[in-house]
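Student: I would like to go through this structure and ask how each label is justified.

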Amino acid sequence: MNEAGSNDRGIPREGNLEAPTRHPLDWTSGEFWNHAGLDAELERVFEICHGCRRCVSLCHAFPTLFDLVDESTTMEVDGVDKADYPRVVEQCYLCDLCYQTKCPYVPPHPWNVDFPHLMLRAKAVHFREHGAPLGAKVLASTTAVGKLASIPVVVEAVNWGNRQPLLRAAMEGTLGVHRDARVPEYHADTAKRRLRGASGDAALQLHVAKRSREDVVRFLEQEALATHERALKSLEFIEHPLWRTYVFCYAGGERLLSQWVESAGDKTAQHARFFRLLTEQITPSGIAADSV
Ligand code: SF4
Ligand code: SF4
């Protein structure tokens, strides 16, 4: 090899015969945000893709591009209106498949095609210039939407609404979610809630199995999906001479009380049971015996 990406005769070699070189996006430079510069780079890469068309089956970005080219007056990229470039960009969901598995022109090939990075740059420029539509903001707020939609009672209304054609048509108009697209069913008994008991497992690992503090933190991160800070806080709780005795109360207690209240029957009966919790002294064993 005389230089990166060429053989001894100076002929560019395919870049994906070995791990590609990924150049970081230079997002702090002024050129990165330059709209005309971005359009020029999109046109350059679109030209290469139009001549190649290898990724046509990967996602909808490539068929969108090739249709725009084929339907243009010149049937070349120069016939595509630059105002239509975002139609290609919005179809890319940044899976990286074209870069990782298909493209022969990724660096070190001198053509330096990194289609997903170019799409990411185009999305960033578009966001800076136009902001994000309401639908994108809502759909990206997965934590907030999940918290709201998994509230008991609300969850039933949300799941019911997602099955109603009229409401789905309204959702398509406001959020851009196709009326026939499958949407996930929400659950009040969330995975996070079910994993609350993992702190009890962590306490047993620390105090009974004598596992190291690092192992216990790792367990909480991997099995209980806790953040590192949250795992450290749980460890502090588990180790505290006073608080450690409470470790089973919260997860086990909530489960015991929820089952007891929910097994009462209709809402009125459930409210009556909840009222008893607030006004009577009932032992856990009494509740357990009453639940069966
Ligand atoms: S990175 Fe984008 S353009 Fe490439 S295959 Fe994935 S979705 Fe398609
Ligand atoms: S990303 Fe690469 S492999 Fe895919 S169509 Fe473009 S040039 Fe061809």
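Tutor: Start with ligand 2 in this predicted model. Among the 13 residues around ligand 2, the nearest are Cys 49, Cys 52, Arg 54, Cys 55 and Cys 103.

Student: What makes a residue count as one of the 13 around ligand 2?

Tutor: A residue is near a molecule if its C-beta atom, placed from the backbone, lies within 6 Å of it. Helix H1 (35-52) and helix H4 (97-102) are the elements that give two or more residues to this shell, and H1 has the largest share, three residues. Helices here are DSSP runs (H or I, at least four residues), numbered from the N terminus, and strands are E runs of at least two.

Student: How do the residues of the shell around ligand 2 divide into nonpolar, polar and charged?

Tutor: There are 10 nonpolar, no polar and three charged residues. Ala, Val, Leu, Ile, Met, Phe, Trp, Tyr, Cys and Pro count as nonpolar, Asp, Glu, Lys and Arg as charged, and the others, Gly among them, as polar.

Student: Which residues are closest to ligand 1?

Tutor: Ligand 1 is surrounded by 13 residues, and Cys 59, Cys 92, Cys 95, Cys 98 and Pro 116 are the closest. H4 and helix H5 (115-130) each supply at least two residues of the shell; H5 gives the most, three. The shell around ligand 1 holds 12 nonpolar residues, no polar ones and one charged.

Student: What is notable about the peptide bond from Pro 107 to Pro 108?

Tutor: That bond is cis, with omega near 15°. Pro 108 sits in the loop between H4 and H5.

Student: Why is the pair H14 and H15 called oblique?

Tutor: The axes of helix H14 (residues 247-262) and helix H15 (residues 267-279) cross at roughly 140° and come within 8 Å. Because angles under 35 degrees count as roughly parallel, over 145 as roughly antiparallel, 65 to 115 as roughly perpendicular and the rest as oblique, H14 is oblique to H15. Axes are lines fitted to C-alpha atoms, for helices over the stretch in contact, and angles run from 0 to 180 degrees between N-to-C directions.

Student: How do you know that the protein is more spread out than a compact globule?

Tutor: The protein has 16 helices and zero strands. Its radius of gyration is 28 Å, well over the 19 Å that the globule rule gives for 292 residues, so the protein is more spread out than a compact globule. The radius is taken over C-alpha atoms, and the rule is 2.2 Å times the number of residues to the power 0.38. The C-alpha atoms fill a box of roughly 85 × 55 × 35 Å along the principal axes.

Student: How should I read the numbering and the limits of the model?

Tutor: Residues are numbered from 1 along each chain as its sequence is written, while chains are lettered from A and ligands numbered from 1 in the order in which they are written. As the model is predicted, local features need pLDDT of at least 70 and side-chain atom pairs count only at pLDDT 80 or more, but totals for chains, interfaces and linings use all residues.
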